[in-house]
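Student: Please select one part of this model and examine it closely, residue by residue where possible. I should also like the cut-off behind each term that you use.

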There are 2 protein chains.
Amino acid sequence: MLDIYLLEHLAAFAECGTLSAASEKLHLSQPALSRSMQKLEECLAVKLFTRQKNKLTLTENGTLAAQYAFRILALEQDMITKIRDFDRKNRTISVGCCAPVPLEALMPLLTYQHPEMSITSELNYKQQLLDGLSQGNYQLIVAPEDPKDKDLYALPCGNEQLYISLPPAHPLANYPALYLKDLDSQSFLLYSKIGFWYELCIQKMPHAKFLIQNDRDVFLELVEASALPSFTSDVKIKQGQSRPNRINVLLRDPEASVTYYLVCKKSDKHFFQPIFEKIHDSNLTS
Amino acid sequence: MLDIYLLEHLAAFAECGTLSAASEKLHLSQPALSRSMQKLEECLAVKLFTRQKNKLTLTENGTLAAQYAFRILALEQDMITKIRDFDRKNRTISVGCCAPVPLEALMPLLTYQHPEMSITSELNYKQQLLDGLSQGNYQLIVAPEDPKDKDLYALPCGNEQLYISLPPAHPLANYPALYLKDLDSQSFLLYSKIGFWYELCIQKMPHAKFLIQNDRDVFLELVEASALPSFTSDVKIKQGQSRPNRINVLLRDPEASVTYYLVCKKSDKHFFQPIFEKIHDSNLTS
DNA sequence: TCGGATTACGTGCACCGTAATGATC
DNA sequence: GATCATTACGGTGCACGTAATCCGA
């Protein structure tokens, strides 16, 4: 069998055209390369070069050999990257979530339970979450409803109730509860990374204007400093994140109250069993 | 990059299941293999094995790696054989010939003119010769007529006239000349390796019986010892191969007199120029 | 006790770099 | 003289084998 370094040397020579150029590319001395080429010919027992004292050129054999060399080297490189990718995928848990709130409790839980694995998470929409789960891009997802799929294992893991946060002077601030359609055509401060809530706002308030903020700190400061309505939830309020100069009004739309479901493939159920048990005891939103 | 020997070792282990079995297969010590596997893991920076003190097993990573190893090794093996085949094809001249006689002069000519190349020859029928030439299976053919193809270069290279060799007592032995159809329904001694002459006999004498001999010596001895008619030619007669106890009668059929053409691809004309020149001076049948 | 895996240690080969030579422009 | 390829020579890394150890059936 031919050593891989011989193929690398041949490939370099085929690319560069001269031994000296190739040797520079390979960080190698010219004599070393010269010997490699000789050895390659010897191993294959085939003439690969025409030697004109001062010039080395590939024969037809040589170009054929170089083509093979490229293919083999590419395949080996592919092997390395693919195996590393495969390994990394096996030692990372990818979590997809429909909203940011469940992640806040789920991520610490996972890192605690699987200290040897790295955990990644991203927000995504319902259908993408389910697709990603079945395709293996996610091992665990949090959906805003029960997927009811025979291949999936799902467990309720908490609730979240949307509120509208209004300044006391706002005309709607004294209502005990509202519907989203009551708020249509208003302007809102909206943090961008809120998952499926964003869809809900767009759908229910097609005429509203959303002043979208990508930076969480900027968003909070604007809420503080402006009289613009914004959204919050019972979870956030319980966490004490409601502002004293704001009145939080319940939203009665059925979609404004969500039950989160933690979902994995049935085949992964055993692996995630400890997580499901912990959630059974104390859910992700309490 | 991973050294090829590491892949070979991995492949062997994947096939054998234990280091000791694989080491035996590789004619290698167990420790050497053990180290190879460790090095492979180190190079890939990935766990390939589960180690149970006394048992070494491939992980999923490992089986994936082994699959790649097989592919790479196969590709490399393929490279070696393909290049050697390609080289051999380039340093052999394959000659196809419609009859044995022209070969007797052509082969020495070729070996003399191209001492570095190996020459192979075979008898074949006209169409196969032309197909073989265009497909590269032959570089040079001898056809029984001018192929008249614009991509081919052809030159007459000799003639051969068929004779029927009869014992003096044979009823037809005193004719100055005969046609093949005159001989139909007789029994003949026929040497098998005579190229297109065989076709001719079958066509012109559908009722004749041919006692076919595969061994040249046996054939000649039977000609000597029996009273059965057989075939010969002017070339053979000039060579002094006619038997004293036989009368050779000319065959008048136009097909019984053939002009041979030496043919090559126009693209190879330059390469074979010396051969064509020599033949121009003294042809293959004189 | 045997078979399988790993560790420890010494050795030889093979690949490398430096230096020198040959050859062509 | 500059560039390119090859040969000669000495050094070193590394893959190997032998021997020893550990562990489980």
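**The surfaces near the DNA strands**

Tutor: DNA strand D is surrounded by 24 residues, the closest of which are A:Arg51, A:Asn54, B:Tyr5, B:Ser29 and B:Lys39. Of the atoms of DNA strand D that come within 4 Å of the protein, 65% belong to sugar and phosphate. A residue is counted as near a molecule or strand if one of its heavy atoms lies within 4 Å of it.

The model is predicted, and local features need pLDDT of at least 70, side-chain atom pairs count only at pLDDT 80 or more, and totals for chains, interfaces and linings use all residues. Residues are numbered from 1 along each chain as its sequence is written, chains are lettered from A and ligands numbered from 1 in the order in which they are written, and side-chain values use heavy atoms, with hydrogens and water left out.

The polar contacts of DNA strand D come next; such a contact is a pair of N or O atoms within 3.5 Å, and within protein one must be able to donate a hydrogen and the other to accept it, while residues adjacent in sequence count only if both atoms are side-chain atoms. From chain A, an N or O atom in the side chain of A:Ser34 is 2.8 Å from a phosphate oxygen of DNA strand D, and a polar side-chain atom of A:Gln38 is 3.2 Å from a phosphate oxygen of that strand. From chain B, the side chain of B:Ser29 places a polar atom 2.8 Å from a phosphate oxygen of DNA strand D.

The surface near DNA strand D draws at least two residues from each of α2 (19–26) and α3 (30–44) of chain A and α1 (4–16) and α3 (30–44) of chain B. Helices (H or I, at least four residues) and strands (E, at least two) are DSSP runs, numbered from the N terminus. By residue class, this surface has seven nonpolar, eleven polar and six charged residues. Here Ala, Val, Leu, Ile, Met, Phe, Trp, Tyr, Cys and Pro count as nonpolar, Asp, Glu, Lys and Arg as charged, and the others, Gly among them, as polar.

DNA strand C has 25 residues around it, and the closest are A:Tyr5, A:Ser29, A:Lys39, B:Ser34 and B:Arg51. Sugar or phosphate makes up 60% of the atoms of DNA strand C within 4 Å of the protein, and bases make up the rest. An N or O atom in the side chain of A:Lys39 is 2.8 Å from a phosphate oxygen of DNA strand C. A:Asn54 has a polar side-chain atom 3.4 Å from a sugar or linking oxygen of DNA strand C. On chain B, a polar side-chain atom of B:Gln38 is 3.1 Å from a phosphate oxygen of DNA strand C.

For DNA strand C, at least two residues of the surface come from each of α1 (4–16) and α3 of chain A and α2 (19–26) and α3 of chain B. Its residues comprise seven nonpolar, eleven polar and seven charged.

Individual residues in and beside these helices complete this view. B:Ala32 belongs to helix α3 of chain B. B:Ala32 is buried, with a relative accessible area of 16%, where buried means under 20% relative accessible area, exposed over 50%, and partly exposed in between (1.4 Å probe, protein chains only). The C-alpha atom of B:Ala32 is separated by 77 Å from that of B:Asn248, 216 residues apart along the chain.

Two loop residues deserve a note on phi. Most residues other than glycine have a negative phi. A:Ala45, not a glycine, nevertheless has a positive phi of about 60°. A:Ala45 sits in the loop between α3 and β1 (49–51) of chain A, and its 58% relative accessibility makes it exposed. B:His27, likewise a residue other than glycine, has a positive phi near 55°. The loop between α2 and α3 of chain B contains B:His27, which counts as exposed at 72% relative accessibility.

In summary, α3 of chain A and α3 of chain B each supply at least two residues of the surface near DNA strand D, and both also do so for DNA strand C.
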